[in-house]
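Here are my notes after going through the coordinates you sent. Have the viewer open while you read.

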Amino acid sequence: MSAPVQVTPEAPMLEAAGVSIQFGGLKALTDFNLTIRQGDLQGLIGPNGAGKSTAFNALTGVYRPTRGDVRVAGQRVNGWMPHRINHLGLARTFQNIRLFRALSVLDNVKVACRAETLSHQEHWLPASLFIAALRGVGGVGGEKGARGGQRLGEQLIEQAGALVLQGWWRSLFLTPGFQAEEQRITERADALLEVMGLSHRRNEEARNLPYGEQRRLEIARALGTQPKVLLLDEPAAGMNTREKADLMVLIRKLRDQFSLGVLVIEHDMKLVMGICERITVLDHGEMIARGAPDEVRNDRKVIEAYLGDSYLESHGGAA
Amino acid sequence: MTTARSATTVPEAGAVVPAGLKGLLPVLLALPVLGLLEWLLRASPFATYLLSVMGVNIILAVSLNIVNGMTGQFSIGHAGFMAVGAYLAGFVSLMLKGVAISFLPEALSDQVFFLLALLVGGLSAALCGFLVGLPSLRLRGDYLAIVTLGFGEIIRVVVQNTDAFGRALGLSGIPQTSGVGMVYFGVFLVVLVARRIAGSSHGRSLWAIREDEVAAEAMGVDTTGYKVRSFVISSFFAGIAGGLFAHFVPIINPGSFTFVKSMEIVVMVVLGGLGSTTGAILAAIFLTLLPEGLRSLFTSLGAEGSLAQKVDQIRMPVYGLLLVALMLSRPQGLFGTKEIWDVLPKWWARRKKGTS
Amino acid sequence: MAQLLQHLINGLAAGTIYALVALGYTMVYGVLKLINFAHGDVMMVGVYMGYATAIGLGRQAQSSLWGVALIFAAAMLGCALLGFFIERFAYRPLREKPRLTALITAIGISFALSYGFQLDLGFKLPLPGGYELSLALPGASPRAFPEIIRPTEWLIIGDRDVVIWNWQVISFLIALGLMLVLQYLVYRTRFGRAMRAVSWDHRVAALMGIPTDRVIALTFMLSSALAAGAGLLYAIKDTSVSPLMGLYVGLKAFVAAVIGGIGNVPGAVVGGLVLGLVEEFVVGYAASTWRDAVAFGFLILVLLVKPGGLFGRVAAEKV
């Protein structure tokens with residue numbers, strides 16, 4: 001298990017260095033660089049198919065980078081399973097909303113709140129000693145990538161350790177500690193629903209929520225994992241002007257309240273230009289510009305990418 | 001607009017009970033009840049047998065529901081794990097036949113060994129569950145169906161090639177130490193475990209996997225790990241069910257644990273509603289009693305004996321058609337993912353409104 | 001050496017049959033992303049149709065060239081029809097439902113067919129002119145399949161060290177012929193192009209004016225007809241037919257499809273051949289009683305080492 005790395009506010013929480021993703025012959029992302037620190041509010045834009053979501057997937061572990069490194073909280077996470085990357089403090093929402101549709105709004109958030117519980121157990125001394133002892137018996141040493149490479153014996157040991165020690169027995173015996181913890185999780189989830197203005201929907205099934213509220217629930221759920229960096233994939237898609245305005249205020253508020261670094265993918269230029277301090281522009285998988293909103297807005301390459309060469313020719317250059 | 005089930009609806013002792021006792025209270029309450037039940041039924045072997053079969057089916061259905069319903073994976077080889085439990089528990093009991101603990105009364109000593117055998121059966125089944133689940137649960141859901149089915153076949157072949165398991169003849173002479181009390185203690189345990197998992201962060205993680213695996217993984221749920229663990233727990237109880245079964249039927253052979261048995265359990269779970277523990281229980285009771293009922297009906301009607309015998313034959317294609325009909329008309333089964341106490345009050349209210 | 005050659009020949013003969021059935025799984029999986037669990041049982045029904053035709057033709061006619069052709073035609077056409085009905089009434093209504101629903105339906109159909117055929121039910125329908133039409137389910141016990149190809153030894157090497165039977169060669173040639181026809185259909189015809197388009201994305205294909213429903217129905221009919229042909233070859237090899245043969249042959253063929261990488265047409269062929277050979281060698285050199293366990297042991301092994309099959313890739317889910 002990964003030891004939490006002490007990070008100063010200046011240290012990058014999320015860092016991509018030269019990340020490339022290739023599907024067969026298709027280069028979906030080339031040499032992508034990005035650094036996000038606590039308190040950052042950055043944007044990632046580009047025309048459709050520019051590789052924005054691919055970049056998100058590379059950062060969160062859904063895709064494994066073909067080249068380059070992704071670091072979260074100082075740890076190199078190439079090839080890690082997404083859940084382990086999430087445990088380091090990286091959470092995301094999805095472009096096409098992926099809620100747990102049949103679960104209640106509250107349970108959606110509680111699923112995510114579980115991570116806190118888990119980390120407690122991981123640092124529970126007897127548990128780690130037991131797993132270490134089993135490892136010793138099995139003669140398996142060293143940390144390997146969770147994807148693929150693990151040997152059967154190691155898997156067996158981890159699973160056995162998890163089954164016995166990661167609190168399954170506590171839920172079976174309803175220990176007082178377990179009951180208190182469930183209480184805490186519920187309270188924390190309720191607090192997040194309050195922040196996102198969803199308390200009145202608490203017990204409804206997630207699939208019955210209107211679109212805008214589903215988007216907000218996705219954010220609440222992501223916050224449940226107690227992230228240090230939050231990745232929002234088109235959070236305003238399908239919202240009306242009013243909802244978008246509210247969302248802009250909300251994103252800023254969340255950043256400050258939860259001391260987050262935030263990276264937003266968005267098509268709505270007004271929203272991105274309005275809240276992001278720094279914007280990265282992708283086109284055909286390559287970064288073509290980066291900078292403050294005004295710099296990006298006037299960048300020739302960006303205008304070209306969005307409007308095509310012909311626009312520039314007929315209008316005689318930028319701005 | 002429907003109100004979703006809240007995870008905290010495990011109906012158990014209220015606030016009067018101290019928190020420390022809450023976990024064990026149901027067990028303390030159940031034991032004397034089961035003892036009484038056993039004592040009441042001591043003189044009626046048929047009722048004992050029927051109730052035992054029903055209990056074993058309930059254990060199988062509820063445990064399969066943990067994988068198929070709560071986690072949303074689809075295993076169709078539950079009888080294989082049942083076989084592992086039955087054979088190993090039976091084997092242990094045969095080995096220990098004639099051994100007794102000197103300072104205990106004979107009946108009690110028997111029960112101690114029976115428990116030991118059950119535990120061996122359950123744990124071996126759990127180990128098999130792990131070995132089968134690990135490669136297949138990393139892949140997409142439908143592979144699991146095939147692999148579990150194949151696993152059942154492998155078990156059959158292994159048993160038929162092993163002298164210690166009596167090859168095709170099976171094991172006979174296993175001490176008949178099981179009783180209604182023990183079977184329903186198993187039922188009680190599996191239901192308790194299923195409901196308590198449902199009321200914990202583990203249960204929510206399983207549901208999350210059922211709803212959307214990618215999202216669950218992104219929210220920090222170790223999806224592979226949870227799938228394997230739910231599979232292991234489910235297999236453990238299938239093994240227990242097998243162990244119990246082996247101790248009240250005169251003989252166990254590979255024929256008792258075929259694909260047909262697996263399908264029977266799948267039908268129970270699907271009929272009750274994938275994800276509903278109470279649904280699985282009701283469906284298990286219904287599908288155990290239905291063939292029995294039809295058989296006695298035909299016999300009492302004086303129909304020629306063949307018709308009563310045909311019940312068993314007809315049962316299987318009917319299960320198949322039942323599955324198809326269910327999927328086409330009511331894919332969520334009886335209760336969907338909800339429990340009876342979520343569904344009945346609403347149904348009752350609607351009914352009242354309809355009549356007034 | 002001679003023994004090795006003999007096993008090789010037997011393995012290839014069995015392997016081509018598995019390959020034919022495996023092609024059906026792979027094609028249906030390609031267009032619907034559904035494991036058509038009932039495929040093996042459709043095959044079994046086809047074999048019974050062929051059986052009935054053979055009995056109807058009588059001893060003389062059944063082994064003549066046109067008799068054999070008629071038997072194959074009856075079985076394949078009948079099966080195509082059955083495949084059409086199953087698709088139309090059981091799978092099509094569920095196409096937009098969760099995948100599990102269709103999978104359960106397929107399992108249900110498989111079960112209904114394989115155990116329905118074991119009932120001994122039957123009725124007689126008097127026809128005008130003193131004839132009567134009697135229809136009966138075959139009952140549980142296996143029946144001897146008529147020798148529509150009289151077994152003769154075509155090639156004998158040494159002192160009966162290696163024996164090649166005529167039916168092995170004929171079955172190999174028929175299987176090869178059917179595969180070539182399929183290859184032509186899939187890669188050289190309009191229907192094949194439509195099928196591949198549907199397999200890529202059936203919604204987009206529908207928007208492009210491809211009659212998806214018809215393509216899917218035709219795919220089902222084609223795969224069912226192939227299965228019937230393969231089933232007859234299997235029955236000739238085994239000289240018996242039983243209601244449960246669909247389950248066993250079907251499962252093994254499915255394993256073959258997975259080994260080759262499900263959804264991959266050449267993969268299914270290679271997978272079938274590999275499985276046929278492996279089984280034959282286990283029977284030949286180890287113990288014949290373990291034969292039925294081989295396929296699944298092999299399957300688990302392949303899934304452990306190369307989860308996508310020999311030729312397939314584990315498709316990354318689009319996020």
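The points below take chain B, then chain C, then the nonpolar core.

1. First, a reminder that we are looking at a predicted model. Every number here is computed from that model, so please read the points with this in mind.

2. Chain B is mainly a matter of helices: 14 of them, plus two strands. Its C-alpha atoms fill a box of roughly 60 × 50 × 45 Å along the principal axes.

3. Does the radius of gyration of chain B agree or disagree with a compact globule? It agrees: for 356 residues the rule gives a value near 21 Å, and chain B has 21 Å. Buried residues make up 55% of the 356.

4. The contacts of chain B are worth a look too. Taking those between residues at least 6 apart in sequence, 82% join residues at least 24 apart.

5. If you want one helix of chain B to inspect, try α7, residues 180-198. From first C-alpha to last, α7(B) reaches 27 Å over its 19 residues, close to the 27 Å expected at 1.5 Å a residue. α7(B) is also mostly covered, with 15 of the 19 residues buried.

6. On to chain C, which has 11 helices and six strands. The C-alpha trace of chain C spans about 65 × 60 × 35 Å along its principal axes.

7. The globule check works for chain C as well: with 319 residues one would look for a radius of gyration near 20 Å, and chain C has 20 Å, which agrees. Of the 319 residues in chain C, 51% are buried. For contacts in chain C with a separation of 6 or more, residues 24 or more positions apart account for 72%.

8. Now the largest nonpolar core, which holds 299 residues. Which members touch the most others? They are B:Ala61, C:Cys79 and C:Val255. By element, helix α8 of chain C (residues 212-238) gives the largest share of this core, 16 residues. Chain A takes part as well: its domain 1 (1-89 + 227-319) and domain 2 (101-214) both give residues to the core, so the core lies between them.

9. Last, zoom in on B:Ala61, one of the three residues named for touching the most other core members. Leaving out residues up to four places away in sequence, B:Ala61 touches B:Ile265, B:Met268, B:Val269 and B:Gly272. Its list goes on with B:Ala280, B:Ile281, B:Ala283 and B:Ala284.

Key:
Residues numbered from 1 in each chain as written. Chains lettered and ligands numbered in written order. Predicted model: local features only at pLDDT ≥ 70, side-chain atom pairs only at ≥ 80, totals over all residues. Helix = DSSP H or I, 4+ residues; strand = E, 2+ residues; numbered from the N terminus. Expected span 1.5 Å × (residues − 1). Buried ≥ 20, exposed ≤ 12 C-beta atoms within 10 Å, placed from the backbone. Rg over C-alpha atoms; globule rule 2.2 N^0.38 Å. Contact = placed C-beta atoms within 7 Å. Core = buried A, V, L, I, M, F, W, Y, C linked by C-beta atoms within 7 Å. Domains from an automatic or database assignment.
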